[in-house]
Amino acid sequence: MFSLLLSFSAQRYSAALDKPDTVPDAWNGSTELAEVQHVGLSWSPARRGIRLVRRANKLVLISLAFYVTLLVDRGLRKWCSYEDQWSCPMSKHVDTAEDSARKALIIFRLLMQDYHPRDFAIRFWDGSQWLAETGSPRFTLVLNHPDALRCMLQNGGSDLAISESYIRGDLDLEGDLEAAMRLAAYLTGRHWPISTTLQVGWNLFRMSANGRSDGNGKRPATLSGDVHSIERDRQAVTYHYNVSNDFYALWLDQRMVYSCAYFETPDEDLDTAQIRKLDYLCRKLRLRPGERLLDIGCGWGGLIIHAAQHYDVDAFGITLSENQATLANERIARAGLQDRCRVELRDYRDLDEANGFDKLVSVGMFEHVGEIRLPLYFQHAWRLLRSGGVFLNHGIALRASEPRPKGPTFITRYVFPDGDLVPINATLRYAEAAGFEVRDVESLREHYALTLRHWTRRLELHRDQALQVVGEPTYRVWKLFLPGSANGFAEGALNVYQALLLKPDDGRSGLPLTRADWYSRYPANDR
């Protein structure tokens, strides 16, 4: 009875949902009004109901259908318990694995009817499959039990639920994970008609719920204190970078440069491209022997070691990660550079050397600053830099037309807590407001997509070692994060910019008229 009522309501009034917040004209007739009253609605409540339903997203509707159906089910079960529970039709709604798989296929057919070409396959918990339309699938979505499908359809507009299902092992992805990101975006961003939503909700309710994992084994970030305060930023950086130096060494290049490389050709190896990037940064900064260079967020020291070795500068790096600082100083010592290269565990806001540096650089740290702190970030950089010096800020940006997340996401919960990506126009506006003159802006978007694909392949190649170092849940976090980010850069939702900012000296820049010196040479193979 309840399913018939849902079906009738959805078919009868779904057309009204796309109209303005008024009662449809047809309802002004006595016959139509009588029909509305027949299903228990008066004229005014019906109008309010239509307005609320129009504003509800698909997951609220699924939850509503699930909850109301649950109440009906509980009532029938209680009634049946006084009679013969084995004869009660509602007592048998929990399906076998095979029955649940058939309902799951119905759900996917409903959800995927506008998704073409469907270049992926689905394998259900009972071994049955839904083959790809394209013959050979780019990837296979593996659902290990019915509850994995429920999790995929939770948290509309957020990737958190589906990501946690993957971390737990409730679902798996075989094949090209980057290609699977299109499906994830479709499921989290699509708004289906109410009739589809109710059919999905009803089939979800009737599926078995056996087999779900209780936890994913990976603790999400739990930070305390004011957002982007020094102490909270230290917690956020520690969560991400202190996973394990050995883990990062498995898939980064030999210098452990954790930012996009600079490729000459798409098939160039990662180590060569990272050396080229380090040298490109030094040439953009136009480093000279004896200059003082500050690297804000220096990572494992790759850039400052390169600058000290090949440009004879006094290089000083700071980081909030104890693991990074320890390994960086060990590498500096092995290279015999202690006299002109060092790393300290320090926040940039704790530095108080007015006009103390000739050049500033920040690579891959900018994303942790937070938009609310960008004015302070650039103002502090301005104070640290001498007049006539330049600041090269290298950071990831969100496309201006891309919606900002309104709640927790997979990235903010498990990868970069408190991470904040802003459009490049906002970045440059804050920099100029602090007094900087923007001299050059370059996008390296395609380079980051290539870099992330290298990292993904290297991580998968070292899967067994990674599992020994960090365990399955953490490995799955990065296995999902890296190709997901590659997809973001490939599609243009994400970008990465190098902005060269000048602190003018009474209007004098001291810079060449062209960029020819940036491209006059490339690093030698032994660098």
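In this predicted model, four strands make up an open sheet with mixed pairing, lined up in the order β2-β1-β3-β4. Because β2 (129-130) and β4 (171-175) sit at the edges with a single partner strand each, one side of each is left without a neighbour in the sheet. Further in, strand β1 (residues 120-123) runs parallel to strand β3 (residues 139-143), and the pair is joined by four bridges. Look across from Ile122 and there is Leu141 in β3.

A second open sheet is built from seven strands, again with mixed pairing, and its order reads β7-β6-β5-β8-β9-β11-β10. Here β7 (341-345) and β10 (437-443) take the edge positions, each pairing on one side only. Going from one strand to the next, the twist averages 15°. Within this sheet, strand β9 (residues 385-398) and strand β11 (residues 494-502) run antiparallel and are held together by nine bridges. Gly395 faces Tyr497 in β11.

Helices pack on this sheet too. Helix α13 touches β5, β6, β7 and β8 (357-363), and its direction makes about 155° with that of β7. Helix α14 (residues 322-334) touches β6 and β7, with its direction at about 165° to that of β7.

Elsewhere, two helices pack against each other: α19 (residues 463-470) and α20 (residues 472-491) have their axes 7 Å apart and meet at an angle of about 125°. That angle falls outside the ranges for roughly parallel, antiparallel or perpendicular, so α19 and α20 count as oblique to each other. On the α19 side, the contact uses Arg463, Ala466, Leu467 and Val470, while α20 brings in Glu472, Thr474 and Tyr475. Sorted by class, that contact comes out as four nonpolar, one polar and two charged residues.

Then there is the empty space. The structure has three cavities of 30 Å³ or more, and the largest cavity holds about 470 Å³. Its lining counts 36 residues, with Gly297, Cys298, Gly299, Val363 and Met365 lying nearest the centre of the cavity. Several elements each supply at least two lining residues, namely α10 (230-241), α12 (270-285), β5 (292-296), α13 (302-311) and β6 (314-319). Of these, α10 gives the most, with four residues. As for what the lining of the largest cavity is made of, 19 residues are nonpolar, 10 are polar and seven are charged. Some of these names have come up before: β5 and β6 belong to the seven-strand sheet, and α13 packs on it.

Key: Residues are numbered from 1 along each chain as its sequence is written. This is a predicted model: local features need pLDDT of at least 70, side-chain atom pairs count only at pLDDT 80 or more; totals for chains, interfaces and linings use all residues. Side-chain values use heavy atoms; hydrogens and water are left out. On a 1 Å grid over the protein atoms alone, a cavity is a set of points where a 1.4 Å probe fits but cannot get out, and a pocket is an open set with protein on both sides within 12 Å along at least five of seven lines; lining residues have an atom within 4 Å of a point. Grid points are joined across faces, edges and corners, and a volume is the space filled by probe spheres set on the points. Ala, Val, Leu, Ile, Met, Phe, Trp, Tyr, Cys and Pro count as nonpolar, Asp, Glu, Lys and Arg as charged, and the others, Gly among them, as polar. Axes are lines fitted to C-alpha atoms, for helices over the stretch in contact, and angles run from 0 to 180 degrees between N-to-C directions. Angles under 35 degrees count as roughly parallel, over 145 as roughly antiparallel, 65 to 115 as roughly perpendicular and the rest as oblique. Contact means heavy atoms within 4.5 Å. Two strands pair if DSSP finds at least two bridges between them.
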